Amino acid sequence: MSTTTTVTPTKLWSGGKSPFNVEYGKLMMWYFLMSDAFTFGAFLISYGTIRFSTNGWPNPNEVFKSFPFAPEGVNAPLVFVSIMTFILIISSVTMVLAVHAGHNMDKKKVAKNLIWTIIGGIAFLSCQAWEWNHLHNEGAWWGHNPFLNHDGTASSTNFTNYFFTITGFHGFHVFSGVIINIIMLIMTLMDKFEQRGHYLMIEKAGLYWHFVDLVWVFVFTCFYLI
Amino acid sequence: MEHTAAHEEHSDGAIKEIVKVTIILSVLTVIELILGFWMMGMPLESWLRLAVKGTIIILMMAKAFYIVGYFMHLKHEIKNLIMTIVVPLCLFIWFIIAFLYDGNSFRNLRNTYDPHFKEQSTIKVEKKEEGKESTHEVKKPEEKKAAE
């Protein structure tokens with residue numbers, strides 16, 4: 001039922017024990033996420049470097065000020081993106097609840113919380129699709145930057161290039177996370193985990209999903225807030 | 001269904017922890033947003049603005065800690081596993097300092113020795129209503145810069 005083996009710290013290196021006290025797949029998921037963290041870190045640091053080496057930069061509150069179904073020219077900075085942030089946080093919470101239900105071998109609760117997580121992921125992706133589409137209609141795309149700097153001077157295309165590349169890469173992660181969660185849901189409903197006797201697979205999917213939420217915390221801060 | 005009373009107690013604590021972390025994350029996000037709205041009215045290069053940005057980054061790190069520590073359960077793993085994940089990530093401290101310092105230095109050098117670069121950042125573009133028009137307007141100096 002539970003993989004937790006008791007670790008006696010004194011004899012940690014004498015063999016016969018799992019030094020990390022987690023199963024192989026989970027450890028490898030951690031290492032994959034670490035490498036992914038470096039990829040995102042490289043993207044964001046590169047963005048920061050370019051921003052520091054440029055004299056002006058567009059004001060995010062002017063660029064991201066629109067809202068779906070709002071009249072044209074509405075000035076609502078930060079509102080839409082904060083909704084996206086909360087969607088992702090809540091879907092992360094439902095994922096924890098699914099993992100927790102898995103510990104208790106509660107198939108019904110696992111399925112229910114996975115469904116909520118998938119809905120949250122799809123909602124986030126829809127928000128992002130709307131925002132990309134809106135910015136594209138305003139003339140922003142890779143290589144095109146219709147926005148001006150804070151002080152009204154011409155802005156470089158680096159702004160849109162980094163925005164679309166990094167949010168796109170994050171959106172791709174959300175998309176693959178939703179696919180993974182759907183596979184987990186199908187496996188849960190097919191009683192795969194009940195047959196195995198444990199829901200450890202949900203934990204690994206959960207780690208990936210939380211990482212996606214974690215990356216959004218950084219992307220949200222770097223692009224929309226500061 | 002068939003867990004013991006001790007297990008029940010443990011899982012109850014886990015749920016409590018999840019709720020607690022959810023509330024902390026939401027509150028931190030709301031504070032970030034309040035700071036973001038407050039920052040809008042501030043002059044560009046003011047110290048206060050810089051301080052608010054610093055605060056937002058500290059709040060961001062706090063959120064990251066709660067997500068990794070509690071949602072990803074790293075805080076409850078054994079020390080060896082925590083170390084193998086966290087120690088390599090310390091490289092980021094160096095990366096961030098080095099690259100941002102480099103970017104800043106590059107801007108200062110260009111502003112000092114490249115009059116064209118400096119001039120580019122002082123020419124104001126008149127705001128057009130149509131997005132398409134201003135795209136061309138904005139793009140022109142870029143192309144010129146690239147050609148040189």
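This passage looks at the build of chain A and at how chain A meets chain B. The model is a predicted one, so local features need pLDDT of at least 70 and side-chain atom pairs count only at pLDDT 80 or more, while totals for chains, interfaces and linings use all residues. Residues are numbered from 1 along each chain as its sequence is written, and chains are lettered from A, with ligands numbered from 1, in the order in which they are written.

Chain A is a helix affair, with 7 helices and 0 strands (DSSP runs numbered from the N terminus, H or I of at least four residues for helices, E of at least two for strands). Its C-alpha atoms fit a box of roughly 65 × 40 × 20 Å along the principal axes. Of its 226 residues, 39% are buried (20 or more other C-beta atoms within 10 Å of the residue's own, with C-beta atoms placed from the backbone).

Across the interface, 53 residues of chain A are in contact with 55 of chain B (C-beta atoms, placed from the backbone, within 7 Å). On the chain A side, α1 (24–52), α3 (79–103) and α7 (200–225) each give two or more residues.

One pairing joins α7(A) to α2(B), residues 47–71 of chain B: their axes come within 9 Å and cross at roughly 175° (lines fitted to C-alpha atoms over the stretch in contact, with angles from 0 to 180 degrees between N-to-C directions). The two helices are therefore roughly antiparallel (angles over 145 degrees). Residues meeting here include A:Leu214 and A:Phe218 from α7(A), and B:Met60 and B:Ile67 from α2(B).

Notes. Contact = placed C-beta atoms within 7 Å. Parallel < 35°, antiparallel > 145°, perpendicular 65-115°, else oblique. Buried ≥ 20, exposed ≤ 12 C-beta atoms within 10 Å, placed from the backbone.
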